[in-house]
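Visitor: I would like to go through the internal voids of a model. Could you show it to me?
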Amino acid sequence: MEPIENQKSGGNPQKTVAPGGIENPQAPVLALEEVSVTAQGKSILNRVSLDVQPGEVFGILGPSGAGKSTLLRTINRLVDLQPDFRVRGRILYRGEDILHRRVDTDALRVRIGMVFQQPSVFPVSIAENVLFGVRRVKGVRRSERAEVVERALREAHLWGELKDRLKDSAWNLSTGQQQRLCLARALALDPEMLLMDEPTSALDARSTEAIEDLILGMRERRTVLLVTHNLEQARRVTDRIACVCVRDGAGEILEQGCCDAVFGNPACRRLFERMEDLETWADL
Amino acid sequence: MTRALAIEKERPSLAGTWSFTHDPWTTLVWGSLILSGGLFLFAGATLVWQSLPIWRHEGWGFLFGGEWFYRHELFGAGAMLYGSVAVAAIAVLLAVPLGVLAAVFLSEYLPRRLRWGMKVLVEALASVPSVVYGLFGVLVLREWVGGAVEPFGGWTGDTLLTAGLLLAVMALPLTVTLSDDALRGVAQEQRVAVRGLGLTRGETVLLVVLPQAWPAVVGATLLGLGRALGETIAVFLVVGRMDNQLPEKWFSLEMIFQPGQTLTSKLGGPETHLAAGDPLHWGAMMGLCLMLVAITVSCLGGARYLQGKGRGRA
């Protein structure tokens with residue numbers, strides 16, 4: 001893997017070293033160390049630390065307002081676009097601190113893709129949407145375009161539905177299809193890691209299932225960070241989870257580990273029960 | 001049966017209770033609508049009616065005829081139409097690219113706080129009275145253009161070019177602020193989605209923001225064009241006000257460097273007073289009025305249509 005830092009900086013990625021001083025064979029692909037985020041002086045995330053192993057689906061669970069989306073946007077530096085956001089701490093991606101100011105954030109976002117809560121497709125055709133990023137970032141030859149579109153749509157479980165409508169406007173698709181199209185657009189860039197910010201919260205049961213299948217299918221090949229407030233979903237698709245709570249207005253990690261350990265933690269269980277109560281109330 | 005009929009009679013009727021006094025608020029808003037619509041129709045009808053003599057005298061030739069000698073009862077609006085179009089075209093060609101680029105900078109690159117300050121400043125510039133811009137034109141532009149047009153056979157700084165440049169300066173603030181509004185109208189999620197794919201800020205502007213804001217930007221341009229075509233006093237001060245300056249070929253640029261006349265500078269000048277006693281001459285002036293209104297109203301209509309289309313898409 002080439003370093004993300006600009007050529008000029010001559011980035012020399014340091015190796016992750018285990019506490020004992022021996023090189024760790026199962027080095028985490030992503031490690032957050034005491035990451036705090038403030039916006040206009042107000043704390044949003046407080047000293048968040050977590051490790052994500054390569055090829056796993058890592059869930060982030062917590063009530064709304066706990067800074068889960070901000071956490072994801074910090075990892076691909078999309079917070080840079082928001083005025084007055086300050087990030088402290090270290091985020092090591094394959095051993096490189098991506099919060100360093102010399103990191104090429106555009107190159108970083110090619111390697112760490114993202115899918116948002118609300119799908120936002122561009123007002124062009126379905127095929128053009130899939131190619132939107134990849135043809136500018138990696139340069140796709142005209143002869144290869146059809147192949148790239150097919151591969152991405154197949155991976156997003158959309159090929160069967162859309163293969164005859166590739167030239168139609170993407171704005172005519174259903175929300176569920178739009179969300180999977182956004183996923184295909186991100187997958188076309190072949191990212192090593194995918195950040196998913198409550199990707200199914202705006203979708204019906206059928207589209208939700210399709211996206212969950214897709215996440216399970218990506219396991220091993222890509223690392224996935226999935227933010228969700230749906231406990232059942234977390235149980236179904238994630239390998240490990242972190243439970244985020246709100247303390248003094250800022251998000252903090254309450255517990256992280258495998259699903260059973262987190263669901264077994266009494267403090268987490270109380271938090272989840274409260275979240276479920278709130279959701280039940282919202283449904284009524 | 002009789003009992004049911006009795007109840008029927010007691011029930012108040014639901015139909016036909018509206019009257020002017022029953023609901024004064026509705027009467028007021030309807031009245032205002034009818035009054036303002038009526039005023040517009042009245043003004044339009046007056047222009048048509050007052051200009052009837054010239055249409056009878058010159059026919060359609062009035063629109064493009066190149067000769068205006070009122071003592072010889074020759075009335076052709078061609079040179080003024082040419083002047084208006086040329087001046088407005090110069091203004092739009094200069095103000096739009098500059099204004100749109102400035103708006104992109106304002107909307108996409110400037111930090112939020114600075115952007116707010118700049119926006120207030122630009123809107124303040126848009127509110128400066130046109131006579132002030134006109135005097136600025138007399139003071140600065142005329143001198144400058146006078147020197148610049150000499151090699152092209154010009155002999156004075158009062159030219160169509162001067163008026164066009166001045167109008168560009170005047171149209172710039174409005175173009176900037178309206179284009180900025182159009183760009184801000186594009187959903188922020190779209191920008192974030194593009195950046196999330198690893199594209200740069202420049203690519204985001206070129207591939208997503210500008211294409212989506214484009215109808216509204218063109219609408220803003222048309223609004224500016226309508227203003228430029230209707231602007232009187234500033235043009236009056238620097239255009240030279242020379243009649244019958246119609247180029248031999250429609251697209252030749254020679255007349256740009258010469259004094260000329262626009263529809264507005266003619267109407268704002270002393271000839272309107274002179275014409276008042278003579279139905280034919282007065283009719284010719286009203287005919288110019290009618291042309292001006294038709295052009296500016298269609299610009300405004302087009303602008304509103306495109307701006308609405310832009311909002312619908314974003």
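Guide: A cavity is a set of points, on a 1 Å grid over the protein atoms alone, where a 1.4 Å probe fits but cannot get out; lining residues have an atom within 4 Å of a point. A volume is the space filled by probe spheres set on the points, with grid points joined across faces, edges and corners. This is a predicted model, in which local features need pLDDT of at least 70, side-chain atom pairs count only at pLDDT 80 or more, and totals for linings use all residues. Residues are numbered from 1 along each chain as its sequence is written.

Visitor: How many cavities of 30 Å³ or more are there?
Guide: There are three. The second largest has a volume of about 40 Å³, and the largest holds about 80 Å³.

Visitor: Which residues line the second largest one?
Guide: Its lining includes B:S84, B:V87, B:A88, B:L167 and B:E231. Two elements of chain B, α5 (78-109) and α10 (201-230), give two or more residues each, with helices being DSSP runs (H or I, at least four residues) and strands likewise (E, at least two). The most comes from α5(B), with three residues.

Visitor: Turning to the largest cavity, which residues lie nearest its centre?
Guide: They are A:M114, A:V115, A:F116, A:C182 and A:R185, out of 13 lining residues.

Visitor: And which element gives the most to that lining?
Guide: That is α6(A), with four residues. At least two residues each come from α6 (175-187) and β6 (112-115) of chain A and from α9 (188-196) of chain B.

Methods. Chains lettered and ligands numbered in written order. Heavy atoms only, no water. 1 Å grid on protein atoms, 1.4 Å probe; cavity = no way out; pocket = protein on both sides within 12 Å on 5 of 7 lines; lining within 4 Å.
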